[in-house]
Amino acid sequence: MTTLPTTKKQLIIIGNGMVGHHCIEQLIERGATEHYTIHIFGEERHRAYDRVHLSEYFSGRDAEALALGDHDLHRTHGIELHLGECVSKIDRDAGEIFTTDGRYHYDSLILATGSYPFVPPIPGAEEGQPNRLVYRTLDDLDQIRDAAKNAKRGVVIGGGLLGLEAANALKSLGIEAHVVEFAPRLMPVQLDEQGGAALREQIEALGVGVHTGCATEEIVAGDEYRYRMNFKGGEHLETDLIVFSAGIRPQDKLARECSLEIGERGGIIIDDTCRTSDPEIFAIGECALWNGQVFGLVAPGYTMARTVAGCLMGDCESFSGADMSTKLKLLGVDVGSIGDAHAKTEGAKSYRYIDEANSAYRRLVVSADGKHVIGAVLVGDNSYYDTLLQYAQNGIKLPADPASLILPQSEGTPTLGADALPETAMICSCHNVTKGAVCKAVDAGCSDLASLKAETKASTGCGGCAALLKSVFDHELESRGIEVDKSLCEHFSHTRQELYSLVRVEGIETFDALMEKHGNGGLGCDICKPAVASILASSWNKPITDPSNVPLQDTNDTFMANMQKNGTYSVVPRIPGGEITPDKLIAIGAVAKKYDLYTKITGGQRIDLFGAQLHDLPDIWQELIEAGFETGHAYGKSTRTVKSCVGSTWCRYGVQDSVAMALRIEDRYKGLRSPHKLKFAVSGCTRECAEAQSKDVGVIATDKGWNLYISGNGGMRPRHAELFATDLDDETLIKYIDRFLMFYIRTADKLTRTSVWRESLDGGLDYLKEVIIEDSLGIGAELEAQMQHVVDHYECEWANALKDPEKLKRFRTFVNDQRPDPAITFVDERGQKRPMRAEELSNKIIAKEIS
Amino acid sequence: MTTALKDTAMKNDTLQDTRWQRLCNKADLVANSGVVAWWQDDQVALIYVPKGRSGKTELYAIDNHDPFSNANVLGRGIVGDKGGEVVIASPLYKQHFRLRDGICLEDETVQLRTWQVRLQGDEVQISG
């Protein structure tokens with residue numbers, strides 16, 4: 001153990017990359033500036049920057065945005081930062097280094113010189129050749145950008161992690177990107193054969209060419225492109241530029257020249273305290289060789305930096321290797337690799353999940369005794385990563401069915417809650433933050449995520465642990481009885497449920513009144529305004545077009561139509577239960593024809609009319625209402641449709657009149673506003689042609705009555721509805737639906753479908769049955785009365801608006817001009833119109849300019 | 001943005017000040033929301049806040065064109081405030097634009113055109 005110097009000593013760090021910079025931060029944190037005069041030398045002109053996210057340099061982040069730490073960090077702490085000053089020699093006997101500008105004495109020296117890209121010896125790509133581009137520094141990227149000017153195609157040699165990042169960079173520059181890999185698959189170190197194949201498919205689907213098993217023999221002048229790469233075996237590929245990313249080599253030149261011990265294949269040999277063969281000289285990061293290993297990731301480099309900073313401050317924690325598990329987004333594709341990904345451990349067994357339709361792949365490697373996770377491979381979805389990593393790192397015992405850890409997630413999937421993690425569980429591996437450290441920070445008073453991050457640095461490295469950190473943090477706060485901030489937005493420090501209660505209990509009828517009494521007095525925003533509008537509508541059901549309600553609505557509710565991508569609207573008249581007379585069909589057709597609207601049948605058994613301009617909406621609706629239609633509320637977070645099959649009236653299998661029941665349900669709940677949209681369906685027999693088990697409320701006929709299903713969902717996250725009650729008569733069915741919907745409206749968070757609400761409901765389905773069927777809370781009658789109030793105050797919003805010229809004033813494209821929006825343009829396709837695409841629009845403008 | 005001046009003071013101004021031209025009527029505006037006016041081949045979204053946080057009437061004019069969706073829709077967004085600044089949220093992809101200078105809060109490199117507008121009695125006026 002080192003004792004702290006009593007007089008100030010000179011400490012020199014060579015290398016100002018991520019690891020060198022991290023070492024500075026660690027030294028500052030430990031108060032090293034009181035004991036050492038510190039100099040850090042960087043060969044590059046830029047201050048330290050985030051090399052992990054280098055490819056973002058081409059997608060909007062400049063050098064400043066990629067820079068690490070405050071720009072005056074060094075000055076504030078009296079550290080001499082020498083940028084663009086190259087160290088040329090170390091004189092160990094004299095304890096001096098020589099640079100382009102002078103010489104400096106050192107008492108302790110840290111080498112953080114990093115690595116350099118390996119360029120294979122290929123004829124035509126020798127040192128000094130213009131096509132010898134590499135991908136490591138900002139200056140390298142500037143060179144790539146220059147070379148990409150006037151280029152159509154670029155090739156990256158190397159299909160590893162960095163190579164794919166480089167391919168992403170080429171893609172960002174707008175040129176056709178190809179990856180050439182010597183191994184038979186992409187990312188051979190991290191992925192197995194199937195993982196490599198899945199990644200390849202996904203990357204090819206993004207338009208990046210992938211050539212595996214290709215050894216480049218020579219680079220010559222090309223015919224069609226600047227260069228031609230000839231591969232072993234006779235094949236070739238032409239390209240305008242070539243980026244080499246075929247691996248890294250430790251930058252150990254200075255160490256070699258001053259005779260420090262170097263590994264056989266390069267790398268400065270270090271011991272567990274990161275000391276080289278000279279006890280006054282340390283080496284950290286990619287230039288160091290520990291236990292025969294060079295670590296090419298940032299996290300182990302950071303760990304070494306911490307080790308050295310500790311040693312210099314008399315508190316040495318030895319370096320004991322690093323976990324090479326990694327989680328990345330390469331070209332937008334999730335890739336994860338944990339521990340023994342190739343199942344090399346003796347007796348290891350694997351579970352594999354292959355989804356050829358989506359090119360997703362997951363492999364779970366477990367120990368010989370089947371008790372622990374020892375490795376994993378993920379391609380396509382990294383949402384499994386955090387849980388798997390925790391299992392692997394903490395030796396947590398596997399669940400009874402280990403495969404469930406990599407199977408598509410559905411209800412019942414065992415997820416590892418924050419409470420199941422031990423204190424030693426690593427949350428942030430970049431900054432070595434354990435769950436214990438998070439707990440300590442919470443105990444010390446961290447009560448929001450921002451201060452937790454500032455305090456622990458967790459999630460400020462690669463950011464991959466953000467979700468896990470938040471869940472651990474929330475859990476710790478809650479377990480200490482500290483309230484987690486669940487404010488709706490900056491205007492209301494209440495949840496939606498709380499606001500709903502306040503509105504009902506205090507009889508509040510306007511947004512302004514609610515803001516005055518319970519808000520911060522501001523104007524509101526696009527979060528709270530629609531949420532409060534929904535609460536007011538569910539409670540009092542006043543027209544949403546009333547002047548005090550208008551400014552609260554999303555555009556779709558304001559104009560009672562669905563805005564499409566070009567600013568026009570689609571119109572959906574209600575067609576209850578999907579039943580429609582020929583006359584009404586003709587009426588819809590006539591309106592669509594007159595206003596030249598694109599028509600399409602919806603999934604909810606209705607007809608959608610697209611391409612209506614704002615000022616045409618009142619006329620369109622006037623005609624629809626005259627033909628007997630009502631608004632369909634397709635624009636609202638409200639009852640949408642009740643889908644039905646034809647039922648016992650026509651169908652030989654039907655046991656109940658499903659259409660009549662669908663009409664009754666749709667008529668009752670039409671216009672009901674809720675936290676999110678509501679979909680219903682009624683099937684006339686067990687064959688279930690109306691697909692009721694994928695709806696928020698599903699009703700299926702039995703020979704004794706109706707079975708009620710609840711909280712199903714289609715869409716992005718399908719959920720099978722749950723059987724709630726069986727063989728109900730008509731009245732009981734309606735009673736249960738009344739109670740169910742009002743209980744949901746009362747307790748759900750904003751924009752939460754019944755499926756998600758139901759899953760997060762404490763007590764689950766049994767609890768819900770108690771509340772709705774057994775009336776355990778004694779609120780059954782109240783819920784029914786609330787629903788009856790809404791039903792009694794129903795009015796077609798479009799009929800209401802058309803009666804009032806003031807309300808229609810809003811439906812003008814321009815308040816001072818009759819013209820339509822001149823920018824809205826259509827073309828014909830398959831006999832109907834559709835919006836002009838961006839490229840068609842630009843062609844049109846060019847054509848106009850030419851003519 | 002301008003607050004309404006006293007009518008008497010205004011009459012003298014209008015004689016000399018030809019910069020200001022009539023755009024539409026005050027009655028065309030919708031409180032705490034937007035409407036759109038046509039002005040010299042441009043689409044101007046007018047946002048009217050009868051009682052801003054300072055207690056004064058506020059009127060803003062920004063480009064109706066949403067640079068993210070490339071559609072002319074901003075006048076149909078939700079008006080609100082964020083961190084004390086009055087903003088409108090795009091109805092399509094929900095970015096927020098600061099009304100006083102048109103800057104997009106999610107991407108400060110994006111700035112919408114703004115115009116000077118004021119209320120003079122029953123008129124909304126724009127400065128050419």
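**Exercise 1. Find how many bridges join strand β14 of chain A to β15(A), and describe the turn between the two strands.**

Step 1. Strand β14 (residues 227-231) of chain A is joined to β15(A) by 4 bridges, and the two strands run antiparallel. The model is a predicted one.

Step 2. To fix the register, take one pair: Tyr227(A) is opposite Thr239(A) in β15(A).

Step 3. β14(A) and β15(A) make up a hairpin, with 4 residues between them. In its turn, Gly233(A) has a positive phi of about 105°.

**Exercise 2. State which residues of strand β15 of chain A lie on its covered face and which on its uncovered face.**

Step 1. Start from a general point: in a regular strand the side chains alternate between the two faces of the sheet.

Step 2. Strand β15 covers residues 236-239 of chain A. Its covered face holds Leu237(A) and Thr239(A), while His236(A) and Glu238(A) are on the uncovered one.

Step 3. Link this to the pairing: Thr239(A), on the covered face, is the residue that Tyr227(A) stands opposite.

**Exercise 3. Describe how helix α20 of chain A meets helix α23 of chain A.**

Step 1. Two packed helices are described by the angle between their axes and the distance between the axes.

Step 2. For helix α20 (residues 730-747) of chain A and helix α23 (residues 780-792) of chain A, the axes come within 8 Å and cross at roughly 85°.

Step 3. Angles of 65 to 115 degrees count as roughly perpendicular. α20(A) is therefore roughly perpendicular to α23(A).

Step 4. List the residues in contact. α20(A) contributes Lys735(A), Asp738(A), Arg739(A), Leu741(A), Met742(A) and Phe743(A). From α23(A) come Gly780(A), Leu783(A), Glu784(A), Gln786(A) and Met787(A).

Step 5. Sorted by class, the contact of α20(A) with α23(A) has 5 nonpolar, 2 polar and 4 charged residues.

**Exercise 4. Repeat the analysis for helix α10 and helix α11 of chain A, and give the handedness of the crossing.**

Step 1. Helix α10 spans residues 435-443 of chain A and helix α11 spans residues 449-456 of chain A. Their axes come within 10 Å and cross at roughly 120°.

Step 2. This angle makes α10(A) oblique to α11(A).

Step 3. The crossing of α10(A) and α11(A) is right-handed.

Step 4. In α10(A), Ala437(A), Val438(A) and Ala441(A) meet Leu452(A), Glu455(A) and Thr456(A) in α11(A). The residues of this contact divide into 4 nonpolar, 1 polar and 1 charged.

**Exercise 5. Work out the strand order and the pairing in the open sheet of chain B that 3 strands form.**

Step 1. The order is β7-β8-β9 (chain B), and the pairing is antiparallel.

Step 2. β7 (78-82) and β9 (96-98) of chain B are the edge strands, each pairing on one side only. From one strand to the next, the twist averages 40°.

Step 3. Take β7(B) and β8(B). They are joined by 5 bridges, and Asp81(B) has Val86(B) in β8(B) as its bridge partner. The two strands form a hairpin with 2 residues between them, and Gly83(B) in the turn has a positive phi of about 55°.

Step 4. Take strand β8 (residues 85-89) of chain B and β9(B), which are joined by 3 bridges. Val87(B) is partnered by Arg98(B), and Ala89(B) by His96(B). Here the hairpin has 6 residues between its strands, with Lys94(B) in the turn showing a positive phi of about 70°.

Step 5. Is β8(B) largely enclosed or open? Of its 5 residues, 4 are buried, so β8(B) is largely enclosed by the rest of the structure.

**Exercise 6. Set out the overall make-up of chain A and chain B, and of the contact that joins them.**

Step 1. Chain A has 26 helices and 38 strands. Of its 851 residues, 46% are buried.

Step 2. Chain B has 1 helix and 12 strands. Along the sequence, the helix is followed by the strands. Buried residues are 45% of the 128 residues in chain B.

Step 3. In chain A, 61% of the contacts with a separation of 6 or more are between residues 24 or more positions apart. In chain B, 47% of the contacts between residues at least 6 apart join residues at least 24 apart.

Step 4. The contact between the chains takes 26 residues from chain A and 30 residues from chain B. On the side of chain A that touches chain B there are 9 nonpolar, 8 polar and 9 charged residues.

Definitions and conventions. Residues numbered from 1 in each chain as written. Chains lettered and ligands numbered in written order. Predicted model: local features only at pLDDT ≥ 70, side-chain atom pairs only at ≥ 80, totals over all residues. Axes fitted to C-alpha atoms, helices over the stretch in contact; angles between N-to-C directions. Parallel < 35°, antiparallel > 145°, perpendicular 65-115°, else oblique. Contact = placed C-beta atoms within 7 Å. Nonpolar A, V, L, I, M, F, W, Y, C, P; charged D, E, K, R; others polar. Pairing = 2+ DSSP bridges. Left-handed = near helix turned anticlockwise from the far one by under 90°. Buried ≥ 20, exposed ≤ 12 C-beta atoms within 10 Å, placed from the backbone.
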